[in-house]
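Colleague: Could you take me through one part of this model in some detail? I would like to hear how the helices at the start of the chain pack against one another, and what joins them.

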Amino acid sequence: MMDDSSKRLLQRLMRRIPTQLLRTTLEKWGRLTREQLTSMDFIQSKWALTEKLLDICQENELAVKHLTELEMIYIIDNPNQGMWHAFQLMDPEDDAHSVELTQFKDQFKSHLSELVRTVSIKMKKHTDEAVWIRIAWGDAFSRPNHQKPTYVVHYLQTPYVFVTSLPSKKKPLLSQALVLSTRYQAIKDANLSGPKLGAIRDLLMRQYQHVFPTKYPSPPDENNQALSNPQIEREQAEAAATRLQMACEAFGGGTLPQIQSAVYKLETKFRDHTNKTMTEREEPFNCVVKFASNNLLESFRHCASSGIASTPLTPLLSSIPLKGRNYFVISDNGPGPSSQTRQPQN
């Protein structure tokens, strides 16, 4: 018989997995016989399918450890859920680049289990060389909570780690286990986050076209009869080609990582000679500016190439692909309130 925690976990999984993906996910899981899979009518309601799968899982005497396998299969194939945060390991030891999968698995499980009395850890290597880690946290008084797991993705032989659903109290524990098991000395927040794992991975690891040709062809002739002067046409075409060149140098060529937001936190002195109350205050003036788009880098590139945004582009925007970040703190660059120069902080 499945216990209540196993039933709740399966019911939660069934709510998350879309019906159109259910058959494929169960086939990859491999815990059902061909006859059992055939007996499931996938045009039934999700409730009926859940009850049927519960009966099959009880018949096969499946437990939580088997259901977490099913969850991992679904999450790995469909990672764009929740909010992913990027971290970067710092100061590698001499043997950091020689850490292989088995060694990393053993070391990570050992270190995290020493730090947390009750924890459930499951690890799986993906085809793109990423190691996926599922962590269900417990404490001294409770068993691991499989309803709210943390997922960690680490690419071996790189300093990059991506995490989702990490409770703030568990962050130091996970950080220590990662540092020890990867042979690094520290880990820092990369100030990059988003709902699309592939996008923030490609931006941080520069897995997109960022080496650009020196020239781009002029825009096609739009048969604008108003432009009858060949000299004007040539100058405008050269200006358009230059804008496109600058835009691609700043943000990349071809398909760009689908980053959906960028946040700028301003910490500057308030400057307005007509408002002495705000100007003379010692505390910095704080506010947050957020840009959002379905594809922010593509939007910025289009604005620059079309002339909507002036070129050369401000470092505030081009720092997103240059530094692999989408969170910046901007403060005064000068010593006093008269300084107007600001820059993104590292």
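Modeller: Happy to! Let us begin with α1 and α5, which are roughly parallel to each other, because an angle under 35 degrees counts as such and their axes cross at roughly 15°. Those axes come within 10 Å, and α1 passes α5 in a left-handed crossing. On the α1 side, the contact is made by S5, S6, L9, L10, R12, L13 and R16. Facing them from α5 are V64, L67, T68, L70, E71, Y74 and I75. Sorted by class, the residues of this contact comprise eight nonpolar, three polar and three charged ones.

Two of the residues in that list deserve a closer look, namely R12 and E71. Their side chains meet in a salt bridge, with an N to O distance of 3.2 Å. R12 belongs to helix α1 (residues 4–16) and E71 to helix α5 (residues 64–77), so this pair ties together parts that are 59 residues apart in sequence. As a general point, side chains of opposite charge can pair when their charged atoms come close. For the model as a whole, the count comes to 10 salt bridges.

Another helix pair can be set beside this one. Helix α2 (residues 19–29) and helix α4 (residues 46–59) have axes that come within 12 Å and cross at roughly 15°. That angle makes α2 roughly parallel to α4. Here the crossing is right-handed, whereas that of α1 and α5 is left-handed. From α2, the residues in contact are T19, L22, L26 and W29, and α4 contributes K46, L49, L53 and C57. By class, this contact of α2 with α4 has six nonpolar residues, one polar and one charged.

A word on confidence, since this is a predicted model. The chain has a mean pLDDT of 86, with 89% of its residues at 70 or more. Over residues 215–227, however, the pLDDT is below 50, and this stretch has 11 contacts in the model beyond near neighbours in sequence. Residues 334–344 also stay under 50 in pLDDT, and for them the model has 29 contacts beyond four places in sequence.

To return to your request, α1 and α5 are in contact through residues of three classes, and the salt bridge of R12 with E71 joins these two helices.

Definitions and conventions
Residues numbered from 1 in each chain as written. Predicted model: local features only at pLDDT ≥ 70, side-chain atom pairs only at ≥ 80, totals over all residues. Heavy atoms only, no water. pLDDT = per-residue confidence, 0-100. Contact = heavy atoms within 4.5 Å. Axes fitted to C-alpha atoms, helices over the stretch in contact; angles between N-to-C directions. Helix = DSSP H or I, 4+ residues; strand = E, 2+ residues; numbered from the N terminus. Parallel < 35°, antiparallel > 145°, perpendicular 65-115°, else oblique. Left-handed = near helix turned anticlockwise from the far one by under 90°. Nonpolar A, V, L, I, M, F, W, Y, C, P; charged D, E, K, R; others polar. Salt bridge = Lys/Arg side-chain N within 4 Å of Asp/Glu carboxyl O.
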